[in-house]
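Please walk me through this structure, one selection at a time. I have it open in my viewer and would like to know what to click on next.

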Amino acid sequence: MNEHGILRVVSKLLIPFIAIFAFYVQFHGDYGPGGGFQAGVILAASVILYALIFGLEAAKSAVPPSWVRFGMAMGVFLYGGTGVATWLLGGEFLNYSVFTPDHPSHGQHYGILLVELGVLLAVASVMLAIFYAFGSRPVNHPGED
Amino acid sequence: MSGHIILDLGLISMLLVIAFAIIRMRSLFAVVMLQGVYSLVCAAWFVSLDAVDVAFTEAAVGAGVSTVLMLAAMLLADRQSDEVSLRRQIAPIIIVIASGLMLFYAIGDMPIYGDANSPANSHVGAGYLDKTAKDIHIPNVVTAVLASYRGFDTFGETVVIFAAGLGVLLLLGLNGNAGKWQACPNGVSIGLGQSPYAQLGEDQPKVSPKAEVATNLPKEKKTIAKKTSQSKGRPRKAVPKGDVS
Amino acid sequence: MDILSLLPPWLLTHGVALLVVLPLLAGAAMAVIPRERIAWTITFMVMLICMLCALTLALQVIDQGRLSYKMGGWEPPYGIEYVVDALSAPVLLLISAMAVICLFYASPSVKAEVEPKKRAAFYGAFLICAAGLLGMVVTGDAFNVFVFLEVSSISTYVLVAMGHSRDRRALRAAYDYLILGSIGATFFVIGIGFLYMETGTLNMADMSNILDGLDGGSRVAQVGFAFIVIGLGLKLAMFPLHMWLPGAYAHAPSFVTIFLASTATKAALYLLLRFAFTIFDLSFDYVVTILSQFVLVLAVVGMVFASIQAIFQTDVRRVLAFSSIAQVGYILLGLSFLTLSGLTASYVHLINHAFIKGGLFLAVGAMWYRFGITRVADFRGLSKTMPWTMSAFTISGLSLIGVPLTAGFVSKLQLATAAWERGYGWAVGVILFSSILALVYIGRILRVAYFETPPQINGVEVLKNEAPLIMLIPMWILAILSIVIGINAGWVVDAAGRAAELLIPTQMIGRGL
């Protein structure tokens, strides 16, 4: 267990900050560069870093593959669901202004928040799914690291 | 010459050098790493072009995650790429040169970079700047365009990503255990010894009109398939390519 | 219209968006639904609703003309607009109806060809593919076309690769398709980018107005047009860009091949018509040059060359795949005449070929389902072992050749007439010659099936083993449809005529002749 001691300590310190940074990018997207795509990738990167240092199995017990599968679908649902909600409120698909008819711009804010969350969930889950899928295959070159 | 142009030229020439290096490399590990470098330089160039959001995405996706994913994929495949014979490179080179010439042909009529009166900057693009302040009240116009004005495009892009994930799920499985199941006809195979289950009929000369449901079969069939493959070598490989004869 | 007043008003306004959004959301749901049966039922219901939506839209278009829907409530040049008109409504109906027909067939076919645990996700990929094709057709925004082109392409690569549990070569075919498809998409998006540079808008109607004002635009627009034609040419398997198609059709699961053969290239052809004639138009010289010279030559070469290649294939699915390339040639030939009758013929053949090729692949899939065969030589005696399937194959096959009283004859007659009116007597000859080649490659299969005895296993002749009823119904629907159109083509030709009038406005008739 003493292998890569420094890497383990440093990454343990870094990973929470990477995840926090992902959420900063997510929620600051209205004001500066960033948004769901970038945040999702960064969030996935924090888990992938964990997997690289502590092993795929450890990562899989932290973020189980079934969650990843669920997250992929939920991301699309959250985005599409926002659109369906605007339908139910009588507007066009993805017309967020109907959320708060008195202040259309507030509705736009809520809508953008929701769909960006959907993008975050979908992107992070898919990136992890791809990583899990490749990482779990038996390797052809057992001798190499 | 302003410092900006020198910076742009420097970054573009670095991109060119890296691109040529990627083409010439045989070690796939180096190629993957260079692709990460390419993305990073690209991201720097986008920053210099004031496309900060794109730069951010390029850095996070291109230089970050996709390098790791490419490495993970490379672990499953070879470390070295095969030489491609010169004869097979001719057609792609001609296509690349032809498309490049077409692009150069268009350059003469393109608006100057950063021209405030170019159509892209004056028509809808300028409209977004005005409308975002009026309709949405957020400072980042890019987010407003992506998530609201063209939110349906972004929905489509989310589905594209989802489809990629679904594809990985279908083809590899999240636990690396996919791809062993074999399809089989719900009847009896009568192909001329070419199909993998060609010899199925050996023990049962008559075709039973109500053959078992395929889902129940795999175990039995696998053993039979093994027998045939022992007796006939590898029947799958024997299938002719079916190209023009 | 009476029927329209019976429908809920919500559907009349929002049906356009529902058509695309519903299958997308249902496709996402399939990732978490474990049960195959539930997955199939949801998929079937969703595509049925889509078909009804498309039908409603078609009726609305007949009633009111052009329909428009503002996504997100934003005005068109800023937001994304969905447009349904006489050109897109029939294609929407075709895609959704073919999806429903294929799904009947899917339940036994997918059981035999796809791993049990993956069937739900497989249906998910299918739903996303169908939604992508519908989205490509229904949208009025050039960049949105690209997004949905990607949605449908990515899921198509996966669907083709799913043939690997039947034949490992499916993986190679899917890979080839992935690479070539991505190159095509890149060309297409560069073209769109150039158009944006030239016009500053992505809305098709707006783009068309601005390009008119610029009188065709500069070299940027010309190169943009060329790139779009090449990109779409790859997607629709225009002759030298068709390399992905035979492999993809031959190794994909039967269900996927049927759906792709009858819809995917058709959606891309629709886009070519949309871009070449409504965004650009025939008052621009470069459009006339590219269409009436380059596309014409490629169409003719494709018709002859692909038909000849079809004759030499050993695998029936490859025969039909090469025949598809030749048929794309027919459609492009009609388009390249740049006349009202040429475009009508082209559109009629687009619809007819979807039915014909769908029917043929349905029958071939059923033959694999029962006997595990796809090679021409293995078709021995199929007229005795699978009489109903083989007769459906025969009807659709004759229709492909263009025998009178079938749909194929109608479209070829239209095309030949259009060629004659255009003054291209030689094109009539090419059409005849290519039809004779079709007679050879279909006749070769029919000869084996009808005039040879069924094979023997250990000295005992293989018994009759007809395909299940649920597979026979869809193939007979298409076979009968072929004959119905052959006897009374009025409705198809009318629909095509309306589409063609939209493509060439009256003041344009005669341009480029």
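A residue is called buried here if 20 or more other C-beta atoms lie within 10 Å of its own, with C-beta atoms placed from the backbone. Keep that in mind as you go, and remember that this is a predicted model.

**Stop 1: chain B as a whole.** Select chain B and color by secondary structure. You will find 10 helices and 0 strands, so to speak a run of α-α-α-α-α-α-α-α-α-α when read along the sequence. By the definition above, buried residues make up 30% of the 245 residues in chain B. If you look at contacts in chain B between residues at least 6 apart in sequence, 48% join residues at least 24 apart.

**Stop 2: helix α8 of chain B.** Now select residues 151–171 of chain B, which form helix α8. How far apart are its end C-alpha atoms? They are 30 Å apart, and this agrees with the 30 Å that 21 residues should span at 1.5 Å a residue. Next, show the surroundings of α8(B): 20 of its 21 residues are buried, so this helix is largely enclosed by the rest of the structure. Just past the helix, click on G173(B), where phi is positive, near 80°.

**Stop 3: where chain B meets chain C.** Show both chains together. Here 63 residues of chain B are in contact with 73 residues of chain C. Which helix gives the most to the side of chain B that touches chain C? It is α8(B), with 15 residues. Helices of chain B that each supply at least two residues to this side include α4 (86–107), α6 (124–136) and α7 (141–149). Color this side of chain B by residue type and you should find 35 nonpolar, 21 polar and 7 charged residues.

**Stop 4: a helix pair in chain C.** Select residues 36–64 (α3) and 119–138 (α5) of chain C. Their axes lie 8 Å apart and pack at an angle of about 15°; angles under 35 degrees count as roughly parallel, and α3(C) and α5(C) are therefore roughly parallel to each other. The crossing of α3(C) past α5(C) is left-handed. To see the contact, show side chains for residues including W40(C) and M47(C) on α3(C), and Y123(C) and F126(C) on α5(C). The residues of this contact divide into 11 nonpolar, 1 polar and 2 charged.

**Stop 5: chain A against chain C.** Finally, bring in chain A. In this pairing, 15 residues of chain A are in contact with 13 residues of chain C. The chain A side has 8 nonpolar, 5 polar and 2 charged residues.

Methods
Residues are numbered from 1 along each chain as its sequence is written. Chains are lettered from A and ligands numbered from 1 in the order in which they are written. This is a predicted model: local features need pLDDT of at least 70, side-chain atom pairs count only at pLDDT 80 or more; totals for chains, interfaces and linings use all residues. Two residues are in contact if their C-beta atoms, placed from the backbone, lie within 7 Å. Ala, Val, Leu, Ile, Met, Phe, Trp, Tyr, Cys and Pro count as nonpolar, Asp, Glu, Lys and Arg as charged, and the others, Gly among them, as polar. Axes are lines fitted to C-alpha atoms, for helices over the stretch in contact, and angles run from 0 to 180 degrees between N-to-C directions. Helices (H or I, at least four residues) and strands (E, at least two) are DSSP runs, numbered from the N terminus. Angles under 35 degrees count as roughly parallel, over 145 as roughly antiparallel, 65 to 115 as roughly perpendicular and the rest as oblique. A crossing is left-handed if the near helix is turned anticlockwise from the far one by less than a right angle, and right-handed if clockwise. The expected span of a helix is 1.5 Å times one less than its number of residues. A residue is buried if 20 or more other C-beta atoms lie within 10 Å of its own, exposed if 12 or fewer, and partly exposed in between; C-beta atoms are placed from the backbone.
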